[in-house]
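User: Please take a close look at one part of this model and tell me how its pieces sit together, going from the region itself out to its surroundings. I would like each technical term explained with its cut-offs where you use it.

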Amino acid sequence: MCTRRAMNGFPILLALSTADAAALAAFHRVATAAQAFDGYAPFNEQALFDLHSGRRTAYLVRTEELVVGAALAGRGEIDLVISPAYRRRGYGRTAARALATTESNGVTAWSHGDHPAARALARELQFVAVRTLLELRKPLPDTEAGASALVGNERISAFRPGVDDAEWVALNALVFAAHPEQGAITEADLEARQAESWFNADDFLILRDEGGRMIGYNWLKVDGAIGEIYVVGVLAESAGRGLGRVLMRAGLERLADAGCTTAALYVEADSVGPVHLYRTLGFVDHTVDVQYRRLID
């Protein structure tokens, strides 16, 4: 493990090897404790995929005796969380300063839950807010889930692993061309998600036109009582016909049938059309995540 030292002389950041199971277990214990206390995860799913694929580096934040936090860095982004028991002691400020030096000018950082302390630290370190991500939720079952129906010759069927992979990745890249994370998903990323315990091809709804071409999808994540609209999209040339609503209704119906009591989804706050659709379907705000960017070194 590589040690970075804070100005006061004690070790503050320990870079972890993905082969160090004990250190990674400590990293995940910090994340689990923070999630239980805060009500939301300190590291998003993509960040953890990047960690385990070797594209980002995990750190422990520690004093000489104690592990007090955990962090991630790499790909121009940093993430940091301090264990609830050790907050308000300056560890976050010291660790954030050290962590920011691991990335070049323009580094970004997520504040999950838009915590006031994170906002204050962002201002101090000269980070500015550049993105806002909303988590929306609604109760299930949805009594109107089947209200919308296809009016043309389109059909909804299940994703076929090993058959639909390349076509879906290409469609997803078109639908999310302007999205920095979702639009960059590769076939290897898709394969990694298919290896997750929650993956079920029948929960990956694919919309095809009369010629069999993939024009939309609603990928669901069923993992307990909260069912997630993992990602939903419609090809731009097919938009404006209510297909997004149809896919959403089909997804909500499937989540309810799976026994989920709540539906959740994430959406960029400035995505006016999708946000409007989700609100008309009964989704309301649950949490807010803010991404900050540092404009100077």
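Analyst: **Strand S6 and its surroundings**

Ala122 counts as buried because its relative accessibility is 7%, where buried means under 20% relative accessible area, exposed means over 50% and partly exposed lies in between, all with a 1.4 Å probe and protein chains only. The model is a predicted one, in which local features need pLDDT of at least 70 and side-chain atom pairs count only at pLDDT 80 or more, whereas totals for chains, interfaces and linings use all residues. Residues are numbered from 1 along each chain as its sequence is written, and side-chain values use heavy atoms, with hydrogens and water left out.

Ala122 belongs to helix H4, residues 116-124; helices (H or I, at least four residues) and strands (E, at least two) are DSSP runs numbered from the N terminus. From Ala122 to Gly282 the C-alpha to C-alpha distance is 33 Å, with their positions 160 residues apart in sequence. In the loop between S6 and H4 lies Asp114, which has a positive phi of about 50 degrees although it is not a glycine.

That loop leads back to strand S6 itself, which spans residues 108-112 and is mostly covered, five of its five residues being buried. Thr108, Trp110 and His112 point one way from the strand, while Ala109 and Ser111 point the other way. In a regular strand, side chains alternate between the two faces of the sheet.

S6 has strand neighbours to consider, and two strands are said to pair if DSSP finds at least two bridges between them. Strand S5 (residues 77-82) runs parallel to S6 and is joined to it by two bridges, with Glu77 having Thr108 as its bridge partner in S6. The chain goes from S5 through helix H3 (residues 91-100) to S6 in a right-handed β-α-β crossover, a term that applies if, with the strands pointing away from the viewer, the path from the first strand over the helix to the second runs clockwise. With strand S13 (residues 284-294), S6 pairs in the antiparallel sense over five bridges, and Thr108 stands opposite Arg293 there.

The connecting helix can be taken next. Seven of the 10 residues of H3 are buried, so this helix is largely enclosed by the rest of the structure; the buried residues are Tyr91, Gly92, Ala95, Ala96, Ala98, Leu99 and Ala100.

S5 is likewise described as largely enclosed by the rest of the structure, because five of its six residues are buried. S5 also pairs with S4 in the antiparallel sense, over six bridges, and Ala70 stands opposite Val81 of S5. The hairpin of S4 and S5 has two residues between its strands. Arg75 is found in the loop between strand S4 (67-74) and S5, and its phi is near 55 degrees, a positive value in a residue other than glycine. Arg75 counts as exposed because its relative accessibility is 54%.

Further along the chain comes strand S7, residues 127-139, which contains Val130. At 39% relative accessibility Val130 counts as partly exposed, and together with Val128 and Leu295 it makes a nonpolar surface patch of about 230 Å². Such patches are made of residues with over 30% relative accessible area and no salt bridge, like charges being joined within 9 Å and nonpolar side chains (Val, Leu, Ile, Met, Phe, Trp, Tyr) within 5 Å. Accessible areas come from the Shrake-Rupley method with a 1.4 Å probe, and for residues only the protein chains shown count as cover, while a salt bridge is a side-chain nitrogen of Lys or Arg within 4 Å of a carboxyl oxygen of Asp or Glu. Leu140 and Pro141 are joined by a cis peptide bond, with omega about 5 degrees, and Pro141 lies in the loop between S7 and strand S8 (155-158).
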